[in-house]
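Grab your viewer and work through these exercises one by one. Try each task yourself before reading its solution.

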Amino acid sequence: MIDKQSSPSTPHQSQNQRPESPYRPSKLAKTDGVIEEEDRECVEANMTHNPMIQRYLIAIEYIGTRFSGAQKQPVGRTVVGVLEDVFQKFIGQPVSVFCSSRTDAGVHALSNVCHVDIERISKRKPGEVLLYEYTQQFYDMEEKLLPHEPSVVKRAVNHFLQKNEGDMMVTDVQCVPSDFHARYKALERTYFYRILSGKEPLSSFERDRAWHVPEELDILAMQKACQILIGCHDFSSFRAAACQAKSPIRTLEELSVTEVASSPYFPSQLEREQNNHTTLGTVSVSSNNNSGDGEAIQGFGIRKTHRCFVITARARSFLYHQVRLLVGVLKAVGAGDLTASDVERILKAKTVSAASPMAPSHGLYLGHVKYDLPPNI
């Protein structure tokens with residue numbers, strides 16, 4: 001959740017730098033979802049009321065591996081920087097994109113949400129502009145173009161995104177009122193964290209997609225620890241030193257651990273045979289019914305799969321690095337390095353130095369941002 005503003009333009013600007021929109025807010029605190037009142041007032045004071053401009057809510061998914069975070073920075077490829085680039089290619093002028101959640105470098109998103117204001121520009125050539133200066137009526141009739149349909153925005157932006165690195169996609173677009181803010185209007189955010197447990201080396205298909213730990217994890221102990229952390233607490237022990245939020249009090253609505261099939265998942269021979277028996281009665285479509293003790297199914301060249309655990313954290317907002325610090329503690333509990341009593345002690349300590357090492361960013365996914373959305377306009 002990096003929060004840095006671009007430096008003033010120079011002759012050697014990075015690819016993420018462009019003329020700033022007059023509606024860009026001042027620097028915001030390093031939090032995820034909680035906005036300090038002075039920042040809220042600053043942004044609201046700069047909101048556009050131009051009736052020619054349509055605000056769109058944009059849902060995006062991305063693989064965070066090659067991004068230096070979501071928030072725009074002077075140097076490095078960022079989610080906001082790439083989006084602003086492709087929107088400028090689409091509409092022909094600079095825009096400002098505002099994300100609901102500012103994910104760190106390496107963090108993925110199944111669904112992050114942002115908003116952007118777009119004014120549909122006339123396609124007239126510069127020499128033709130003088131024509132409508134003679135009559136206001138002509139201007140009203142010819143220049144007031146209807147906003148783009150959401151489907152058009154989605155298709156156009158994805159066209160340019162696929163010409164980029166192909167690691168980001170727009171999944172949904174909706175028109176919203178001019179005062180609807182992707183960050184401030186969010187009711188809750190859901191994060192997922194993937195842990196792969198086992199001594200086998202990590203599969204190439206899982207590289208930078210999960211945290212690989214060699215220890216066997218005790219899911220029951222982890223679930224017990226979750227119950228201690230759910231609710232409204234002072235989470236000072238689970239906030240990074242750089243966190244600028246005024247209050248460490250947060251309400252964790254959900255913190256759970258679930259064991260799921262590792263991904264990508266393909267059925268084994270035994271599973272295929274069992275499925276065929278279930279769907280076709282007693283008729284087997286496999287010529288090999290000798291499954292033995294399972295060793296034949298493992299076979300040469302078929303790697304052993306890891307146990308996959310997904311930690312889910314849901315709240316209206318989170319402190320800076322809160323989810324990754326929570327995961328670090330839960331992993332230590334699962335590995336037997338900490339007990340439920342230790343988790344209580346860490347929570348009461350109210351200092352991040354008491355917590356376990358923070359989990360790496362590449363296992364974290366922003367899963368969903370919930371809104372009370374207005375009807376399509």
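**Exercise 1. Work out whether Cys308 is buried or exposed, then look for disulfides.**

Solution. Start with Cys308: its relative accessibility is 1%, so it counts as buried (buried means under 20% relative accessible area, exposed over 50%, partly exposed in between, with a 1.4 Å probe and protein chains only). Next, take Cys226, which is buried too, with a relative accessible area of 1%. Finally, search the whole structure for disulfides (pairs of cysteine sulfur atoms within 2.5 Å): the count is zero.

Some ground rules before you go on. This is a predicted model, in which local features need pLDDT of at least 70 and side-chain atom pairs count only at pLDDT 80 or more, while totals for chains, interfaces and linings use all residues. Residues are numbered from 1 along each chain as its sequence is written, and side-chain values use heavy atoms, with hydrogens and water left out.

**Exercise 2. Describe the protein chain as a whole: what are its helices and strands, and how many of its residues are buried?**

Solution. Count the elements: there are nine helices and 12 strands (DSSP runs numbered from the N terminus, H or I with at least four residues for helices, E with at least two for strands). Then check burial: 47% of the 377 residues count as buried. For the surface, the chain exposes about 19200 Å², with carbon and sulfur atoms supplying 53% of it (Shrake-Rupley areas with a 1.4 Å probe; for residues, only the protein chains shown count as cover). Last, the contacts (heavy atoms within 4.5 Å): of those with a separation of 6 or more, 77% are between residues 24 or more positions apart.

**Exercise 3. Find the largest nonpolar core and follow Ile195 outward from it.**

Solution. A nonpolar core is a set of buried Ala, Val, Leu, Ile, Met, Phe, Trp, Tyr and Cys residues joined through side-chain atoms within 4.5 Å. The largest one here has 82 residues, and Ile195 is among those with the most contacts inside it, along with Ile58, Phe87, Leu229, Phe238 and Ile311. Now list what Ile195 touches, skipping neighbours within four places in sequence: the partners include Trp211, Val213, Leu217, Cys308, Phe309 and Val327, as well as Arg307 and Lys331. For background, nonpolar side chains tend to be buried together in soluble globular proteins.

**Exercise 4. Check the length of helix 8 and say why it counts as largely enclosed.**

Solution. Helix 8 runs over residues 322-334, and its 13 residues should span 18 Å at 1.5 Å a residue (the expected span is 1.5 Å times one less than the number of residues). The end C-alpha atoms are 18 Å apart, so the two agree. For burial, 13 of the 13 residues are buried, so the rest of the structure largely encloses the helix. Look at both ends as well: Gly336, with a positive phi near 90°, follows helix 8. His321 sits in the loop between strand 11 (318-319) and helix 8, and has a positive phi of about 70° although it isn't a glycine. With a relative accessible area of 13%, His321 is buried.

**Exercise 5. Find which elements the buried residues of helix 4 pack against.**

Solution. First, the buried residues of helix 4: Pro150, Val153, Ala156, Val157, Asn158 and Leu161. They pack against strand 2 (53-62), helix 2 (79-91) and strand 5 (168-176). Then zoom in on Met168, which is in strand 5 and buried at a relative accessible area of 3%. Its contacts, beyond four places in sequence, include Leu161, Gln162, Val79 and Leu83. Met168 and Leu83 are 85 residues apart in sequence, and their C-alpha atoms are 9.2 Å apart.

**Exercise 6. Place Ser197 and Thr351, and say which polar contacts their side chains make.**

Solution. Ser197 lies in strand 6 (residues 188-197) and is buried at 2% relative accessible area. A polar atom of the Ser197 side chain lies 2.5 Å from the backbone oxygen of Glu215. Thr351 is in the loop between helix 9 (340-349) and strand 12 (364-370), and is partly exposed at 32%. The side chain of Thr351 makes a polar contact with that of Ser353 at 3.0 Å (a pair of N or O atoms within 3.5 Å; within protein, one must be able to donate a hydrogen and the other to accept it, and residues adjacent in sequence count only if both atoms are side-chain atoms). Thr351 also touches Ser236 and Ser237.
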